[in-house]
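Me: I am new to this structure and would like a close look at a single helix. Please take me through it slowly, with each term explained as it comes up.

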Amino acid sequence: MTNNSPPGVVVFDPTAWRAAFPAFSNLTDEQAQFDFDCACDYLNNTPQSPVRDLAKRERLLWLLTAHIAQLSLNASAGQSGGGSNGGSGLVGRVSSASRGSVSVSTDATGIPGSGWWFAQTQYGATFWQATLPLRQMRFIPGRPHPAKIFP
């Protein structure tokens, strides 16, 4: 968030974001900005956002940006046959592991429908947990109450 940001909107600072998420230090400003713009598709970054606190919204958007960036790296690593930038591709907690012939099993029980997409990375899982209150029924007196389920 910068001092010259429009009121009620988080302005993305790719340098500060990369400092907070050094795993993405190889992304260009343009790639990071694209991922941030995609994150804004999932979490409203306007004065009408359900997250009114700009510092909190920035943290959530940064987590979501890292999640999208990691998914992109995983996809590109899968297309190139692996690589140091890709993730493991595992989703959920490790429920069992073997050593001979390497075997790993994961379990993601208890994750509801749309939560699966977020659970693919540590950043998405953190975002999902942090936004739990946004997925509950809310009543805000004096404001219109359109029926919306987040995300």
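Reply: The expected span of a helix is 1.5 Å times one less than its number of residues, and helices (H or I, at least four residues) are DSSP runs numbered from the N terminus. This is a predicted model, in which local features need pLDDT of at least 70 and side-chain atom pairs count only at pLDDT 80 or more, while totals for chains, interfaces and linings use all residues. Residues are numbered from 1 along each chain as its sequence is written, and side-chain values use heavy atoms, with hydrogens and water left out.

The helix chosen here is α2, whose 14 residues reach 20 Å from the first C-alpha to the last, close to the 20 Å expected at 1.5 Å a residue. Its buried residues (under 20% relative accessible area, with a 1.4 Å probe and protein chains only) are Ala32, Asp35, Phe36, Cys38 and Ala39. These residues lie on the same side of α2, because they cover an arc of only 160° around the axis, the arc being that of the directions from the helix axis to the C-beta atoms. On the other side of α2, Glu30, Phe34 and Asp41 are exposed, a word that stands for over 50%, with partly exposed in between.

Aspartate 29, in helix α2, forms a salt bridge with arginine 18, in helix α1 (residues 14–20); the closest N and O atoms are 2.5 Å apart. A salt bridge here is a side-chain nitrogen of Lys or Arg within 4 Å of a carboxyl oxygen of Asp or Glu. Aspartate 29 is partly exposed, with a relative accessible area of 36%, whereas arginine 18, at 16%, counts as buried.

Methods: Helix = DSSP H or I, 4+ residues; strand = E, 2+ residues; numbered from the N terminus.
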